[in-house]
Amino acid sequence: MATGRTHRPATRSRGIPEATVARLPLYLRALTALSERSVPTVSSEELAAAAGVNSAKLRKDFSYLGSYGTRGVGYDVEYLVYQISRELGLTQDWPVVIVGIGNLGAALANYGGFASRGFRVAALIDADPAMAGKPVAGIPVQHSDELEKIIDDNGVSIGVIATPAGAAQQVCDRLVAAGVTSILNFAPTVLSVPDGVDVRKVDLSIELQILAFHEQRKAGEEAASGDGAGPAPVPRRASADQGPDGDVPAVMPA
């Protein structure tokens, strides 16, 4: 069985822009929904609307894949699913380890979409000795002392960090030293990694703050136009028992 250790996706070597790569999963999700409904073809306008982009950008993105569709017919759904899956490296098995099996880590372990998207949870790892051996999502939790051996035995190149912020960098360093080259970070902190290691960060508090900015701006525009005062911004209260990031609820992958 192929693993992430022996093969890297072809996107970089083919010169596909990072912005396009970031949109490929959106197209794949929309195409998968069409495939499940047995829709054979889709126009660029329909697919762009389903993915939340404009059709000109979609056609440009697909040109990097060498897929231009057929005038009057559109794109073949099944072929596009294969093309994008191949570019994203999802036509093989990617073993993943999740480190930190608290509420968030357990929620991620129970997420049912990994297998259908080309990922296999190879191990769940936690530093709490009381967690060792306990099954989560049918997988027994292993102690963090075994991290390096687990990564080597399973050929893991993708790690998910769901630990508290204070432990995240040390876990990251151990993952990298053991051979992990891609990390999905759910901890509310910025990780320092060497060249050649890719990190994607998921931070719900930041996304909510961005939405709050847009809400405040919309309220200001409404007040300026005389359409209404809009909702007053709610002042943030400090709490003696809450850290700067607060309690961040679990975030599930799309």
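**Close-up 1. Tyrosine 27 and phenylalanine 62, both buried.** In this predicted model, neither ring of the pair is exposed: tyrosine 27 and phenylalanine 62 both count as buried. There are 3 aromatic pairs in the structure. In the one shown here, the ring centres of tyrosine 27 and phenylalanine 62 sit 5.0 Å apart with the planes at 75°, so this is an edge-to-face pair. Tyrosine 27 comes from helix H1 (residues 18-36) and phenylalanine 62 from helix H3 (residues 55-64), so the contact ties together parts that are 35 residues apart in sequence. Add Tyr75 to Tyr27 and Phe62 and you have one aromatic cluster.

**Close-up 2. Tyrosine 111 meets phenylalanine 114 edge-to-face.** The ring planes of tyrosine 111 and phenylalanine 114 stand at 90° and the centres are 5.2 Å apart, so this pair is edge-to-face. Are these two rings buried or exposed? Tyrosine 111 has a relative accessible area of 18%, so it is buried. Phenylalanine 114 is buried as well, with a value of 17%.

**Close-up 3. An open sheet of 7 strands.** Reading across, the strand order is S5-S6-S4-S3-S7-S8-S9, and the pairing is mixed. Strand S5 (135-136) and strand S9 (198-201) are the edges, each with pairing on one side only. Helix H7 (residues 147-154) packs on this sheet, where it touches strand S3 (94-99), strand S4 (119-126) and strand S6 (139-143). The direction of H7 makes about 165° with that of S4. Helix H8 (residues 165-177) also packs on the sheet, with contacts to S3, strand S7 (158-161) and S8. For H8, the angle with the direction of S7 is about 170°.

**Close-up 4. Where S8 runs alongside S9.** Strand S8 (residues 182-185) pairs with S9 in the parallel sense, over 4 bridges. Which residue of S9 stands opposite isoleucine 183? That would be valine 199.

**Close-up 5. Arginine 120 and aspartate 93 in a salt bridge.** The structure holds 8 salt bridges, and this view picks out one of them. The side chains of arginine 120 and aspartate 93 meet at 3.0 Å, N to O. Arginine 120 belongs to strand S4, while aspartate 93 is in the loop between helix H4 (77-87) and S3, so the bridge ties together parts that are 27 residues apart in sequence. Arginine 120 is partly exposed, at 31% relative accessible area, whereas aspartate 93 is buried, at 17%.

**Close-up 6. Lysine 201 and aspartate 203 pair up.** Here the salt bridge spans 3.5 Å, N to O, between the side chains of lysine 201 and aspartate 203. Lysine 201 counts as partly exposed, at 35% relative accessibility. Aspartate 203 has a relative accessible area of 11% and is buried.

**Close-up 7. A salt bridge within helix H9.** Glutamate 215 and lysine 218 bring their side chains together in a salt bridge at 2.7 Å, N to O. How many residues apart are glutamate 215 and lysine 218? They sit 3 residues apart in helix H9 (residues 204-225), about one turn of the helix. Glutamate 215 is partly exposed, with a relative accessible area of 45%, and lysine 218 counts as partly exposed at 38%.

Notes: Residues are numbered from 1 along each chain as its sequence is written. This is a predicted model: local features need pLDDT of at least 70, side-chain atom pairs count only at pLDDT 80 or more; totals for chains, interfaces and linings use all residues. Side-chain values use heavy atoms; hydrogens and water are left out. Two strands pair if DSSP finds at least two bridges between them. Helices (H or I, at least four residues) and strands (E, at least two) are DSSP runs, numbered from the N terminus. Contact means heavy atoms within 4.5 Å. Axes are lines fitted to C-alpha atoms, for helices over the stretch in contact, and angles run from 0 to 180 degrees between N-to-C directions. Rings of Phe, Tyr and Trp (its six-membered ring) pair if their centres lie within 6.5 Å; planes under 30 degrees apart count as stacked, over 60 as edge-to-face and the rest as tilted. Buried means under 20% relative accessible area, exposed over 50%, partly exposed in between (1.4 Å probe, protein chains only). A salt bridge is a side-chain nitrogen of Lys or Arg within 4 Å of a carboxyl oxygen of Asp or Glu.
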